[in-house]
Amino acid sequence: MFDTAIAGSLPKPAWLAETGKLWPLWRGEGADLAQAKLDATLLWIKAQEDAGLAVIGDGEMSRQHFVHGFLERVEGIDFANKVEMGIRNDRYKALVPQVVAPLRLKGRVHATEARFLRAHTTRRTKFTLPGPMTIVDTVADRFYGDRVKMAFAFAELLNEEARALQADGIDVIQFDEPAFNVYMAEAAEWGVAALERAIEGLHCTTAVHICYGYGIEANVKWKATLGEQWRQYEQVFPALANSAIDQVSLECIHSQVPPELMALLKGKDVMVGVIDVASDRIETPEEVADTLALALQYVPREHLIACTNCGLAPMSRAVAEAKLQALGAGARLADQRLGG
Ligand code: ZN
């Protein structure tokens, strides 16, 4: 049977936060908000199980944004005075917090939602953290003065939290590194090494997600400049193939990524994106199975996992639910076609 999983985020229900936004404001506060986050987590655990997915995530209901959810629990970061900064090589401007002192964890970051996830499904669980290079690209540095040094400082903290997540019973810990597709040379030079620092000593499954971003306008425009073939992965995959990371999540359906680049990940599990996050159109099970068949030309079946291209966060809840269903149904159809 094909394994199935989501890349990470799912839409927050309208009663939890603003909808249709990448940096949504919470609706409530205090204990009410804390309860609402867990209620939303439960709802998405059920939706993933109903879709027949093998690996279940928390849908990132407890964090406002995939990077800042982690940073909020780090000492040495000034959240009160955010500054505007061009991120992902100036693709878009964001209000980011500033690193002003040595970095240290204030305590556990995701204990509540990770333990809640573990307690409410008997299936395998996946938990996502931002990768060191992507974090460095999403904060303003007023202290370290060196991207690599700061990335390794963050990697140490990520490792601390990852070890704790493993102890909470999480089966797969995934680091999100969209920055790998923007700074390819640096990713191969030190980004993968920083990632390996973040997974040091882990015996659970480890993964990295590298995408072309959510389906927001700035990303759609950027993708239009990348030409007929998106070959960014070509520069990073060899370094990942030589790394200790177990799984790599990549974009496939409706992207211009040449599928043969998957072959560069020999020996790794490949989470192939069979669900588009830049379109509200729901994939048919046939399309999902076709994309898996395409991936099978380059990745052995035992290493292939059906996944979404990226997180589904800014989409509507109904669309996201339908896409989860398509993911599960498509993977089952691919199994049937292979006689399994
Ligand atoms: Zn992504």
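How many bridges join E5 to strand E7 (residues 172-176)? Select both strands and look. There are five bridges, and E5 and E7 run parallel. Keep in mind throughout that this model is predicted.

**Stop 1: the whole chain**

Zoom out and show the protein chain as a cartoon. You should find 10 helices and 11 strands. The radius of gyration is 19 Å, and the globule rule gives 20 Å for 340 residues, so the chain is as compact as a globular protein of that length. Turn the model around. The C-alpha trace spans about 55 × 45 × 40 Å along its principal axes.

Now think about the inside. Of the 340 residues, 48% are buried. Next, take the contacts with a separation of 6 or more. Residues 24 or more positions apart account for 77% of them.

**Stop 2: E5 and its partners**

Go back to strand E5, residues 124-130. Is E5 mostly covered or mostly open? It is mostly covered, with six of its seven residues buried.

On to the pairing with E7. Select proline 130 and aspartate 176; the aspartate, in E7, stands opposite the proline. Strand E2 (55-56) is another partner to select. E2 and E5 run parallel and are joined by two bridges. Pick isoleucine 56, then find threonine 125 in E5 standing opposite.

**Stop 3: helix H1**

Select residues 30-50, which form helix H1. Try a ruler on this helix. At 1.5 Å a residue, its 21 residues should span 30 Å. The end C-alpha atoms are 31 Å apart, which agrees.

Which residues of H1 are buried? Color Ala36, Lys37, Ala40, Thr41, Trp44, Ile45 and Gln48. What covers the buried residues of H1 includes E2, helix H3 (111-119) and helix H10 (317-337). Show those elements too. Then step past the end of the helix to glycine 52, which follows H1 and has a positive phi, near 85°.

**Stop 4: the open sheet**

Select E3, E4 and E6. These three strands form an open sheet in the order E3-E4-E6, with mixed pairing. Which strands are at the edges? They are E3 (74-87) and E6 (140-141), each pairing on one side only.

Focus on E3 with E4, residues 92-105. The two are antiparallel, paired over nine bridges. For one facing pair, select aspartate 78 and glutamine 98: the glutamine, in E4, stands opposite the aspartate.

Now follow the chain between the two strands. Asparagine 89 lies in the loop between E3 and E4. Its phi is positive, about 60°, although it is not a glycine. Is asparagine 89 buried or exposed? It has 11 C-beta neighbours inside 10 Å, so it counts as exposed.

Add helix H5, residues 147-167. This helix lies across E3, E4 and E6 and runs at about 75° to E4.

**Stop 5: the largest nonpolar core**

In soluble globular proteins, nonpolar side chains tend to be buried together. Here, the largest nonpolar core has 103 residues. Select Val270, Val272, Val274, Leu292, Ala306 and Leu327, the residues with the most contacts inside this core. H5 gives the most to the core, with nine residues.

Center on leucine 327. What does it contact, leaving aside its neighbours within four places in sequence? Show Thr4, Ala51, Leu53, Val274, Ile275, Val288, Ala306 and Thr308.

**Stop 6: E9 and its neighbours**

Last stop: strand E9, residues 247-250. Show the side chains. Gln247 and Ser249 point one way, Val248 and Leu250 point the other way, and all are buried.

Add strand E8, residues 205-209. E8 and E9 run parallel, joined by three bridges. Alanine 207 has glutamine 247 as its bridge partner in E9. Then add strand E10, residues 269-275. E9 pairs with E10 in the parallel sense, over four bridges. Here, select serine 249 and its bridge partner in E10, methionine 271.

Finish on histidine 254, in the loop between E9 and E10. Its phi is positive, about 60°, although it is not a glycine. With 17 other C-beta atoms within 10 Å, histidine 254 is partly exposed.

Definitions and conventions. Residues are numbered from 1 along each chain as its sequence is written. This is a predicted model: local features need pLDDT of at least 70, side-chain atom pairs count only at pLDDT 80 or more; totals for chains, interfaces and linings use all residues. The radius of gyration is taken over C-alpha atoms; the globule rule is 2.2 Å times the number of residues to the power 0.38. A residue is buried if 20 or more other C-beta atoms lie within 10 Å of its own, exposed if 12 or fewer, and partly exposed in between; C-beta atoms are placed from the backbone. Two residues are in contact if their C-beta atoms, placed from the backbone, lie within 7 Å. Two strands pair if DSSP finds at least two bridges between them. Axes are lines fitted to C-alpha atoms, for helices over the stretch in contact, and angles run from 0 to 180 degrees between N-to-C directions. A nonpolar core is a set of buried Ala, Val, Leu, Ile, Met, Phe, Trp, Tyr and Cys residues joined through C-beta atoms within 7 Å. The expected span of a helix is 1.5 Å times one less than its number of residues.
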